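Subject: Structure for you to look at

Hello,

Here is the structure I said I would pass on. Please have it open while you read the notes below it.

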There are 2 protein chains.
Amino acid sequence: MSKGLIVQKFGGSSVANPECIKNVAKRVTGYKKNGYDLVVVVSALGDTTDELITLADQINKDPSEREMDMLLSTGEQISVALLAMAIHKLGFEAISFTGAQVGIITDSSHMRARIIKINGGKIQQELKKGKIVIVAGFQGINLNQDITTLGRGGSDLTAVALAKELKANSCEIYTDVKGIYTTDPRIEPKAKKIKEITYDEMLEMASLGAQVMQPRSIEVAKKFDVPLHVRSSFSPDCGTMIIKEVKKMEEVVVNGVTLNKNEVKITLCNVSDKPGVAAKLFKELACGQVSVDMIVQNVSHTRQTDISFTTPKTDSAKALRITKLVARRIGAGDVSVDQDIARVSIVGVGMKSHHGVAAGMFGVLAENKINIEMISTSDISISCIIKKKFAETAVRALHKKFGLAK
Amino acid sequence: MSKGLIVQKFGGSSVANPECIKNVAKRVTGYKKNGYDLVVVVSALGDTTDELITLADQINKDPSEREMDMLLSTGEQISVALLAMAIHKLGFEAISFTGAQVGIITDSSHMRARIIKINGGKIQQELKKGKIVIVAGFQGINLNQDITTLGRGGSDLTAVALAKELKANSCEIYTDVKGIYTTDPRIEPKAKKIKEITYDEMLEMASLGAQVMQPRSIEVAKKFDVPLHVRSSFSPDCGTMIIKEVKKMEEVVVNGVTLNKNEVKITLCNVSDKPGVAAKLFKELACGQVSVDMIVQNVSHTRQTDISFTTPKTDSAKALRITKLVARRIGAGDVSVDQDIARVSIVGVGMKSHHGVAAGMFGVLAENKINIEMISTSDISISCIIKKKFAETAVRALHKKFGLAK
């Protein structure tokens, strides 16, 4: 009798070379020996995806997205075959599948496809035969039989979607860190591993720069209530559980501090302070598929105001071009770009019911003589834009202030 | 109106790097510009296949053949995507497909699958839209949706099978040499490119060591009368046509001289000269899947004889083990292995109707003081086993004797 089904996902660093792959095989078969059924989702080996992108870039700077998916999906196909061989070597039965073969049906948005449905039948069949089933992450197939990919970090999504479809008992996300930390341990060595965190907090942490898990996969896990266990592929220790609700005697107010240095701030100066101007700008940016994060428009004392927003570095050239166009059209002033910014954020479900958290954050930054350029808040997070050079000082000070090292 | 359909196949050396791929794209689009419909079959980039095999070898010395096919088929998938991007860059429409996507259905003999049928519909559809269709060579899919591969050189087979299925006007095999030569130009610089050669001669040439084309694909071309044009991907010159019948005013007797240094000779000594002994040995070798090429049993003057045969180096360990077992069972004498042999052969349809060809061959070897250890003949070829050190001398002497440099 099976003790239940576990879906395990191993990222690129966990399968970077033959030794790593053998290590994963040992881990997986250990669970099998203990009586679990296993579906294993694997990413491409180490830097394979980047190498393939470089190859494409040498041939065509603006490659067809359908052909990019054809190209990139080979990375995961290599991984699943090699992992199956490593598991066979240990004397266990295993079978590998591409996304297409297990019927991961997606829409046709190449390079960022959304999963429409999964035909779990083939996997169930092989599990019944006692086999460990290995599935290529990150990829699917559309109704026209074209190979699609789910975007960066898409293997997490594959794992979560399979866990939901197969009604798995748990979904384990193996990575090169031991779990989710209260902040980046490279910045604050006193950072602590978080035992349990809610989907909402994790979503804030992920989209605020903690790069452990892809936000879309957490959204899907939340939607279907799939409990996630983020843990290290190099250690047997438990990692961090991402769940619906964390029940504790005494609620923690702030759960983590995050830092994002990959954004720029764009400011449109001397805008007429009248309705519809902001709408015009952000509609154009949306049409140009520019991601906009924080937006600040100051109260105006004259009849003119400035609008500032932050956007990922990768979108900055496009954002600048569009903002300049809009500026000319509406007769606004200069457009400036500030590369020298960082965003620090504090995250925690507890802050909903606690007063003074924001004040505490601003106070700590002031004590450290760090000027705040923009502020944005949500139910469970507060973010400040500051000068890049103060970023690490701010993280350490906030980590201490909210007692996260305890 | 289309001028007709051409199937073109480009081998690994023709797509070894981005520059080579761009070169292939130029070549292909040149034909498109001239009004032809095109289906392009591509092999894996340069050494990709060997690199994947090495990777597998580091993980499992005896990998599952199903998983090897899963692994190796990624090589061609990478090539087709990159070639499509290169063609797009030149402003032409192109679409890439895996073997599975265009319905190349095979049996389930992984790593050496045979094509059962091809559903040409998808290709026809895309050709009608004016697209250049690029198909991954070497691979297919079995009825269970598992990926299969056709064995080394399988891309040739893909091209020939597609040419047959789509009723192509011609099938061009692009390679890194300019065509089929009267002998290896590295051995005899006076070697000449052959303009036309029959399927049968080419089969003899291919299986006798000329490594330009895979024998199975020539067999299929012969069976369905698909004319092949073997030519260089780096030169616009015509190469060699492989066709059913070559019509010439004056028939050429010998068309080529081939050399094979990749075999060993195994001799079983002091065998009782009675019926059934040879049968026993070669039945066991066949059961062990050992390829046996030439066989010689001498006339016996006592009541004992020796049996010698040649086998590829790769099979030699297995062949030796089986021969020793049989020797013990039938009470024969010692078993010896000779690594120091080479096979030189002359090939030509003309020799069927010409006398004295064999005598001419033996005479040339004698003049050069080269001892002949074994002889084997077919309708259109004569092969001699000689000491390895005389191999090149023999090739050059035979090339001259039969007037191939003219």
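Which residue of β20(B) stands opposite B:Ser376? The residue is B:Ser383. Please keep in mind throughout that this is a predicted model.

The sheet around that pair

B:Ser376 and B:Ser383 face each other where β19(B) and strand β20 (residues 381-387) of chain B run antiparallel, joined by five bridges. Both strands belong to an open sheet of four, ordered β13-β18-β20-β19 in chain B, with antiparallel pairing. At the edges are β13 (256-260) and β19 (374-378) of chain B, each of which pairs on one side only. From one strand to the next, the twist averages 20 degrees.

Two helices lie across this sheet. Helix α10 (residues 357-367) of chain B crosses β18 (341-347), β19 and β20 of chain B, and runs at about 20 degrees to β20(B). Helix α11 (residues 391-401) of chain B lies over β13, β18 and β20 of chain B, at about 10 degrees to β18(B).

How the two chains are related

A turn of 180 degrees, with a shift of 0.1 Å along the axis, lays chain A on chain B with an RMSD of 0.2 Å. That is the relation of a two-fold axis. The C-alpha of chain A nearest this axis belongs to A:Thr74, at 2.8 Å from it.

Chain A gives 27 residues to the contact and chain B gives 27 residues. On the side of chain A that touches chain B, the elements that supply two or more residues are α1 (18-33), α2 (48-59) and α3 (65-89) of chain A. The largest share of that side, 14 residues, comes from α3(A). Sorted by class, the side of chain A that touches chain B has 15 nonpolar, nine polar and three charged residues. Of the interface residues of chain A, 100% are also interface residues in chain B, so the copies meet through the same surface.

One helix pair across the contact

A pair of packed helices is described by the angle between their axes and the distance between the axes. For α3(A) and helix α2 (residues 48-59) of chain B, the angle is about 25 degrees and the axes are 9 Å apart. Angles under 35 degrees count as roughly parallel, and α3(A) and α2(B) are therefore roughly parallel to each other. Their crossing is right-handed.

Which residues make this contact? From α3(A) they are A:Leu82, A:Met85, A:Ala86 and A:Lys89, and from α2(B) they are B:Leu55, B:Ala56 and B:Ile59. By class, the residues of the contact between α3(A) and α2(B) are six nonpolar, no polar and one charged.

The eight-stranded sheet of chain A

Chain A has an open sheet of eight strands in the order β3-β6-β2-β1-β9-β11-β12-β10, with mixed pairing. Its edge strands are β3 (94-97) and β10 (196-198) of chain A, and each pairs on one side only. Neighbouring strands of the sheet are turned by 20 degrees against each other on average, direction ignored. Helix α6 (residues 199-207) of chain A packs on this sheet and touches β10 and β12 (240-243) of chain A, its direction making about 85 degrees with that of β10(A).

Within the sheet, strand β9 (residues 170-175) and strand β11 (residues 228-232) of chain A pair in the parallel sense over five bridges. In β11(A), the residue opposite A:Thr175 is A:Ser232.

Pairs made by β14 and β16

Strand β14 (residues 263-272) of chain A pairs with strand β16 (residues 304-312) of chain A in the antiparallel sense, over eight bridges. Here A:Val271 stands opposite A:Thr305. β14(A) is also joined by four bridges to strand β17 (residues 335-338) of chain A, again antiparallel. In that pair A:Ile266 is opposite A:Val337.

In chain B, strand β14 (residues 263-272) and strand β16 (residues 304-312) pair in the antiparallel sense over eight bridges. Three bridges join strand β15 (residues 295-297) of chain B to β16(B), and these two run antiparallel. B:Ser308 is a useful residue to click on: B:Ser308 is the bridge partner of B:Thr267 and the bridge partner of B:Val296.

Regards

Methods:
Residues numbered from 1 in each chain as written. Chains lettered and ligands numbered in written order. Predicted model: local features only at pLDDT ≥ 70, side-chain atom pairs only at ≥ 80, totals over all residues. Least-squares fit on C-alpha atoms with pLDDT ≥ 70 in both. Contact = placed C-beta atoms within 7 Å. Nonpolar A, V, L, I, M, F, W, Y, C, P; charged D, E, K, R; others polar. Pairing = 2+ DSSP bridges. Axes fitted to C-alpha atoms, helices over the stretch in contact; angles between N-to-C directions. Parallel < 35°, antiparallel > 145°, perpendicular 65-115°, else oblique. Left-handed = near helix turned anticlockwise from the far one by under 90°.
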